[in-house]
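Please open the model in your viewer and keep the sequence panel beside it, since this tour moves from one selection to the next. At each stop, select the residues named and then read what is there.

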Amino acid sequence: MKSRLFTLIFTLPLIITACAPDQRDQGSTPVTTYEPPRPTVVEQDGYKIARGATRLVDTNVVFDPTTKAMTLTGKIEYLPVQGQSLQMIDVDLAGLVDQEGFINLRSARKEVSLPQGVKLAAKATCLSEEGTCHSSFIDIYLYADGLIYHHQIESHQEAPKKDSGEEKKEEPTTPEQTEEELESEGGADEVDGDLGSYVGSVKEDIENLLDVKPEPKKEEPKKEEPKKEEPPKTETPKAPVPAPRPETPKKDEPKKEEPKKEEPPKTETPKVPVPIPRPETPKKDDPKKEDPKKEEPAADAKPEIKKVSQAIGPVNQGRLENAMNMLRYQETHEPAGFKVMRPARLTHFATNELGYIVAQMGLFTKKEIPGYVMSIGDLSREKGGKLGSHKSHQNGLDADVALFFNNKSFQGFFASAVAVDKPHANWMEEEQWKLFKHVVKTNLIDRIFIHKVLKKSLCNIAIKNGELQKGKNEGLAYETLRRLIADTDHHNHFHLRVKCSSAQVRCRQMAEPSHGSGCF
């Protein structure tokens, strides 16, 4: 009965009962960003974290742009590990946005009491531009019975409209930036797959908000190995010890005196005459030049820290901060092994992780195919956002890359590698296969889109080489093919997407590709 009750509650879709007729005044009703199919408990950084084991009721988020304050109200329902009934507690948290765009949300009212041993707090990560927090995701943490319940919601509150008297200045657009010029280079650009959760910074949040330290690892007692019984020692017969003979007194022999070695006569080194010091002439008092005083920073001044690139939001509704300029990297590392095809499009910006992968592909190309230059198409705009007819490429995680051909006349543009449902005769499938394995080995690749005919060819190579066997779902070849997403559009290039890294705390990661190589 208990298990049925638990299943019924946590398999129901999230029901939001709050009503917000005017979002500018009442805030926003958030939605759960991602829920696993069933509650899961995982070990992470020394903590036991439960996801999908909580439900929010009557939740409301309000951000006040004047005071820079946010409130989170409602109720949270959870089932204790050691308990027989569901527990529901009130949520009334508040906090102020800091300079980095985060809000630590803690209890706002003293009269709201929690059950003994239970702690509750949250952290909002702002996604909006200009330091506002109308758009954000919120990590809610509840601690009970040694378990951390983690629930993530996404909140979008309508920003207040500007006065009608203010006219929005339209930025001039160059011909290279028009939508016609930024058409997708080679077929549809599908996002593919469900959106997962935001990366966040779970470990730091738990330590700072809940003041809960990870449990120390228990050292397992060493099992004492049973002592091996040694065979009984067989005593070897002792040989008779010969009786000592009486010592004859030794005669004192006269000591021979060793002849003394004659030391060579010491040669005195000639003394160097000491120069007589000349009388010092009195120095004229030169005006002392004072060293320029170094201005010390004020005590409250913080050192300027160069921020890493930030992929914000998902690939199809995101933006980019502190982008890496891959055209500049190409020019300063010439020959880089790759070349931005159309720099006038201004779409050669990336996160540091994607930039690293592009640089690695260039180095691979120089080593494996001397004289060849890999062509790089669209990455993202400098600040991300919508990019022509692309459905993704919005937060610096996507790249369109040309395929390898053994005919140099195909370099510099996206040439099709599919000819009547089979690979083109000039397509370098072996080198392409090596490249894909090379980048997937970094553990930074989320997925790679490629035409189904080309993937089938790569499957055949892996099977032929003995790298892939049916029923064996492990190894680099399997993992590479699992991340190669077959479609009917990417015949003249492949579309590579990297994962959100732990440094991209505002990035929303896509759910993992389904298991299976797709080759059998």
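Begin by selecting Glu353, which counts as buried because its relative accessible area is 13%, under the 20% limit for that word. Bear in mind throughout that this is a predicted model. Glu353 is found in helix α5, and if you leave out residues up to four places away in sequence, it touches Ser309, Val498, Ser501, Ala503 and Gln504. Now add Cys500 to the selection: although Glu353 and Cys500 are 147 residues apart along the chain, their C-alpha atoms are separated by 8.5 Å.

Keep Cys500 in view and select Gln509, whose place is in strand β22, residues 508-510. Is Gln509 buried or exposed? With a relative accessible area of 17%, Gln509 is buried. Apart from its neighbours within four places in sequence, Gln509 is in contact with Cys500 and Lys499, with Asp446, and with Leu195, Gly196 and Ser197.

The next stop is the largest nonpolar core, which has 54 residues, and you can start by selecting Met361, Val439, Leu458, Leu481, Phe494 and Leu496, the members that touch the most others. To see where this core comes from, colour the elements that give two or more residues to it, among them helix α5 (352-368), helix α6 (429-440), strand β19 (445-451) and strand β21 (494-498). Helix α7 gives the most to this core, with 6 residues.

Within that core, centre the view on Leu496. Which residues is Leu496 in contact with, once its neighbours within four places in sequence are left aside? The contacts are Leu354, Ile357, Met361, Leu397, Asp398, Ala399, Val439, Ile445, Arg447 and Ile448. From here you can move to a second, separate core of 28 residues, which includes Ala50, Ala53, Met70 and Ile138.

Finally, turn from filled space to empty space. Rolling a probe the size of a water molecule over the atoms shows where empty space is left. The second largest pocket holds about 320 Å³ of space, and to find it you can select Tyr34, Glu35, Pro36, Thr40 and Arg51, the closest to its centre of the 15 residues that line it. Strand β10, residues 147-156, supplies the largest share of the lining of this pocket, 3 residues. If you colour the lining by residue type, you will find 9 polar residues, 3 nonpolar and 3 charged.

Terms used
Residues are numbered from 1 along each chain as its sequence is written. This is a predicted model: local features need pLDDT of at least 70, side-chain atom pairs count only at pLDDT 80 or more; totals for chains, interfaces and linings use all residues. Side-chain values use heavy atoms; hydrogens and water are left out. A nonpolar core is a set of buried Ala, Val, Leu, Ile, Met, Phe, Trp, Tyr and Cys residues joined through side-chain atoms within 4.5 Å. Buried means under 20% relative accessible area, exposed over 50%, partly exposed in between (1.4 Å probe, protein chains only). Helices (H or I, at least four residues) and strands (E, at least two) are DSSP runs, numbered from the N terminus. Contact means heavy atoms within 4.5 Å. On a 1 Å grid over the protein atoms alone, a cavity is a set of points where a 1.4 Å probe fits but cannot get out, and a pocket is an open set with protein on both sides within 12 Å along at least five of seven lines; lining residues have an atom within 4 Å of a point. Grid points are joined across faces, edges and corners, and a volume is the space filled by probe spheres set on the points. Ala, Val, Leu, Ile, Met, Phe, Trp, Tyr, Cys and Pro count as nonpolar, Asp, Glu, Lys and Arg as charged, and the others, Gly among them, as polar.
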